Amino acid sequence: MALTTEARAMLITAFSGLGYRIYDTVPSTPITPSVCVIPDSPWISVSRLGSTLNYRCRWRVLININARVNDTATTQTETAVDTLLAAVPNNFSVESVTAPTLLSLGSQGTVISTEINLSIEMKE
């Protein structure tokens with residue numbers, strides 16, 4: 001199985017059962033609270049040292065929280081970040097967590113969205 005497929009499956013498994021709807025693609029209208037596991041950029045980096053190939057795969061975990069009540073949304077966003085960071089598998093590196101921003105979904109309303117940027121490395 002490909003590193004990308006395995007890594008995505010590991011993250012989805014780790015985040016399941018935490019009270020968030022999990023998407024492996026960005027839906028047109030995410031139901032909140034939700035988490036989208038999608039590729040980050042650069043998605044795959046490859047390096048070679050002698051005959052050893054190293055692969056690094058980067059992922060973006062988008063957290064989407066309903067923004068209708070700002071005080072509650074802020075607390076729910078902070079709780080989601082803490083919960084998901086604690087659930088990240090040990091073989092992943094957490095690179096960064098972005099500040100929460102309002103994301104307009106058009107006629108569907110607005111969500112507060114935060115990104116956790118992760119990477120995993122594999123040697124062959």
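A nonpolar patch here is made of residues with over 30% relative accessible area and no salt bridge, with nonpolar side chains joined within 5 Å. With that in hand, here are some close-up views of this predicted model.

**View 1. A nonpolar patch on the surface includes Trp43.** Together with Ile44 and Val46, Trp43 makes up this patch, and the three residues share about 270 Å² of accessible area. Trp43 sits in strand S2, which covers residues 34-49. Its relative accessible area is 36%, so Trp43 counts as partly exposed.

**View 2. Trp43 and Trp59 form an edge-to-face aromatic pair.** The count of aromatic pairs comes to one. The ring centres of Trp43 and Trp59 are 6.2 Å apart and the planes meet at 85°; planes over 60 degrees apart count as edge-to-face, so this pair is edge-to-face. Because Trp43 belongs to strand S2 and Trp59 to strand S3 (residues 52-66), the pair ties together parts that are 16 residues apart in sequence. How do the two partners compare in exposure? Trp43 is partly exposed at 36% relative accessibility, whereas Trp59 is buried at 1%.

**View 3. Strands S2 and S3 pair in the antiparallel sense.** Twelve bridges link S2 and S3. One place to look is Val37, whose bridge partner in S3 is Val61. The hairpin of S2 and S3 has two residues between the strands, and Gly50 takes a positive phi near 65° there. For context, most residues other than glycine have a negative phi.

**View 4. Strand S3 also pairs with S6 in the antiparallel sense.** Here the pairing runs over 13 bridges. Trp59, the buried partner from the aromatic pair, stands opposite Leu118 in S6.

**View 5. Thr114 is a buried residue of strand S6.** Strand S6 spans residues 110-123 and holds Thr114. With a relative accessible area of 1%, Thr114 falls under the 20% cut-off and is therefore buried. Which residues does Thr114 touch, leaving aside those up to four places away in sequence? They are Val61, Leu62, Ile63, Thr77, Val81, Val97, Thr98 and Pro100. Val61 will be familiar as the bridge partner of Val37.

**View 6. Two cis peptide bonds lead into Pro33 and Pro42.** The bond from Thr32 to Pro33 has omega near -5°, and Pro33 lies in the loop between strand S1 (21-23) and S2. The bond from Ser41 to Pro42 also has omega near -5°, but Pro42 lies in strand S2. As a rule, most peptide bonds are trans.

Technical notes: Residues numbered from 1 in each chain as written. Predicted model: local features only at pLDDT ≥ 70, side-chain atom pairs only at ≥ 80, totals over all residues. Heavy atoms only, no water. Helix = DSSP H or I, 4+ residues; strand = E, 2+ residues; numbered from the N terminus. Buried < 20%, exposed > 50% of the residue type's maximum accessible area, 1.4 Å probe, protein only. Contact = heavy atoms within 4.5 Å. Patch = residues over 30% accessible without salt bridge, like charges linked within 9 Å, V, L, I, M, F, W, Y side chains within 5 Å. Areas by Shrake-Rupley, 256 points an atom, 1.4 Å probe, with all protein chains shown as cover. Salt bridge = Lys/Arg side-chain N within 4 Å of Asp/Glu carboxyl O. Phe/Tyr/Trp six-rings, centres within 6.5 Å; stacked < 30°, edge-to-face > 60°. Pairing = 2+ DSSP bridges.
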